Amino acid sequence: MLLKTKGITWGKFLLLISLLTGFNARAQPVKDKKMQWFADAKLGIFIHWGIYAVNGISESWAFFNNYTPHDLYMKQLDGFSASKYDPVTWAGLIKESGAKYAVITAKHHDGVSLWNTKASGATTTLTNSKAKRDVLSPFITALKSSGLKTGIYYSLPDWSYRNYDVFTRDHKRYAIKDEPQRWRTFLNYYQGQLEELSVNYRPDLIWFDGNWEHNNTEWEAQKTRELLQKYNPNIIINSRLDEHGDYETPEQGVPVLKPAADYWELCYTMNDSWGYQPFDTKYKSSNMIIRTLVDCISMGGNLLLDIGPKADGTIPDQQVQILKDLGRWTKKHAAAIYGTQAGIPAGHINAKTALSKDKKNLFIYLDYQENAGIVLKGIQSKIVEANVVGYKTTGLSYKPSGIDGYLLKVLPAAYDKDVTVLHLRFNEPLKTSDPAAAKAIEMPTDKAWVAKHTEILDHTLPGIPAGHYQGNTLLSADRQTLYLFVEGKPTGPIALKGIKNNISRIRVVGEGTILPYEIYNKLYWSKIPGIVYIPVPEIKLDKHFTVIAVLLDGPIDLYREKVGAIESNM
């Protein structure tokens, strides 16, 4: 006898479940196929270009936060000349960096459209700016001609549009429940612009922003997605269209833990600003940015690195240099970048790693030089080939070490100045064992080293979990001092992520030298900690291990939460 509920038999119910399950099983491979170019790309370039570059102020937020009147903000249209704008040069530089796609701000929250939109009431660079040009179209043409994928940033909010409900942080034009037809006018406006972008440019990716101001029902997110898919069934949409996105977009904070999403992208500035701001000189070094790219690669994600051109269309020299430095490294190490997947768990080696799709190739990213050899633990598969990526000869030797381990030795001349990449090919998809038994820090037995480091040999606790620091760590008994073990010679400042505490002092253990440090990407209004970069002078490096003590303002407090989109720039 079949169970019957409201006219639906149990048999029909099971059939329905079977059909739905089958649909989902088929849908995932379709999504995986359309996402493949994105997953393989690893590096994209973000471009924030708009009238905010004229005065060098925060894009849109400057008037939204009442830092400047809206009228004065929009007066920047009179200075937006694009007089030296060369879209072919832009595309060439982006390609030279090693990026496989670019995302440009077609319209930010200020509502200024960079193309010749036909939407009624729109503000455009063609009609309203000094440039009197559609500046988006020539760049998209150059991008496509260069073989790069096309991404278009589009702000859902339009704070300057008369029929959008929100104007500034303190002022709303109307409530949707009171004036639903006015909201309908806005929906038609923004969906009409998206249709224009789809028809005119056939983008591979749409990068939404600003969804926090309304829910997905109010945005008509599903309708918007279907609109975009009408023109490109394989369109990729970021996660900022609520649950209707294809990939996650953590912002500014390099994740401590690998994001749970199958596909993700870290959007990241070179200094502290998205658009051009001449007085923001806090640029990260090329070394830091290359290592950030490695961080993303090792966790199976992408880096979307931002540039902010000037109002005349030129790209600041510091940004050009970083792109060129990135290009040097990506060109040399292409085999270890594009098409890779997340690497093996921490604990096997003191380095970031990635795997090839067939898992027979392991790439090891070294941001330090160690002439005594590097230990790889918990590897059950047999190495059949080993080399330094991009070096003229193999540059790498290896031999078994302990149980399921290898000792890797890099030819000194084969080291890269930023990140050296080792390639190991195995006889099968890589099999690993738990390196837990080998996780204890093997302290040097040299008497001079022991005498110098007595404070870490007694009364210390196990260190912090993986993800915060690449190497080994210990904690003092009161958990207020974090000890960082530095192997070999770092190529740049060592990095520490996800520490909520304030830092009181940093010193070299055993001889007392106080070290400077800098914190990057710490937004004063956000709870997400910045990244602490600590330069360790070569003269202070120990031939065994260098140990750095980080004194905190209290027992250590770690940030291990999901890093998401920034929803408010104060």
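In the predicted model, helix 5 spans residues 87-96, and P87, W90, A91, L93 and I94 within this helix are buried. These residues lie on the same side of helix 5, because they cover an arc of only 160° around the axis. The cover over the buried residues of helix 5 is provided by elements that include strand 3 (43-47), strand 4 (101-107), helix 7 (136-145) and helix 12 (317-332). After helix 5 comes G98, a residue with a positive phi near 100°.

One of the buried residues of helix 5, W90, also takes part in an aromatic pair, and the aromatic contacts of the model are described next. A pair of aromatic rings is described by the distance of the centres and the angle of the planes. The count of aromatic pairs comes to 35. Among them is the pair of F46 and Y153, which is tilted, with 6.0 Å from centre to centre and 50° between the planes. This pair links distant parts of the chain, since F46 belongs to strand 3 and Y153 to strand 7 (residues 149-155), 107 residues apart. F46 and Y153 are both buried. W49 and W90 form a further aromatic pair, edge-to-face in its arrangement, with a centre-to-centre distance of 4.9 Å and an angle of 65° between the planes. Because W49 lies in the loop between strand 3 and helix 2 (52-55) whereas W90 lies in helix 5, the pair ties together parts that are 41 residues apart in sequence. W49 has a relative accessibility of 1% and therefore counts as buried. W90, with a relative accessible area of 4%, is likewise buried.

Aromatic residues also gather in a group. Y154, Y161, Y164, W183, F186, Y189, Y190 and W219 make up one aromatic cluster. Lysine side chains are found over aromatic rings as well: K100 lies over the face of Y338, 4.4 Å from the ring centre, and K282 lies over the face of Y520, 4.9 Å from the ring centre.

Attention then turns to charged residues, beginning with D110. This residue is placed in the loop between strand 4 and strand 5 (112-113). D110 is buried yet has no salt bridge. The nearest side chain of opposite charge is that of K107, at 7.2 Å, whereas a salt bridge requires a nitrogen within 4 Å of a carboxyl oxygen. When neighbours within four places in sequence are left aside, the contacts of D110 are I51, Y52, S60, F63, Y73, M74, D158 and S160.

The structure as a whole holds 26 salt bridges. In one of them, the side chains of D165 and K172 meet with an N to O distance of 3.5 Å. D165 is buried, its relative accessible area being 0%, while K172 is partly exposed, at 48%. Another salt bridge joins K352 to D295, where the closest N and O atoms are 3.1 Å apart. Distant parts of the chain are linked by this pair, with K352 in strand 15 (residues 352-355) and D295 in helix 11 (residues 286-298), 57 residues apart. K352 counts as partly exposed at 21% relative accessibility, and D295 counts as buried at 10%.

A salt bridge is also formed by the side chains of K489 and E538, at 3.6 Å from N to O. The pair again links distant parts of the chain: K489 is in strand 26 and E538 is in the loop between strand 30 (531-534) and strand 31 (546-552), 49 residues apart. The relative accessibility of K489 is 34%, so this residue counts as partly exposed, whereas E538 is exposed, with a relative accessible area of 54%. Beyond these pairs, R328, K332, D416 and D418 are joined into one network by salt bridges that share partners.

Two members of that network, D416 and D418, recur among the contacts of T491. T491 is located in the loop between strand 26 (489-490) and strand 27 (494-496). Apart from residues up to four places away in sequence, T491 touches N287, R291, D367, Y368, D416, K417 and D418. The C-alpha atoms of T491 and Y415 are separated by 9.8 Å, although these residues are 76 residues apart along the chain.

Key
Residues numbered from 1 in each chain as written. Predicted model: local features only at pLDDT ≥ 70, side-chain atom pairs only at ≥ 80, totals over all residues. Heavy atoms only, no water. Buried < 20%, exposed > 50% of the residue type's maximum accessible area, 1.4 Å probe, protein only. Helix = DSSP H or I, 4+ residues; strand = E, 2+ residues; numbered from the N terminus. Arc of directions from axis to C-beta. Contact = heavy atoms within 4.5 Å. Lys, Arg positive; Asp, Glu negative; His and termini not counted. Phe/Tyr/Trp six-rings, centres within 6.5 Å; stacked < 30°, edge-to-face > 60°. Lys NZ or Arg CZ within 6 Å of the ring centre and 35° of its normal.
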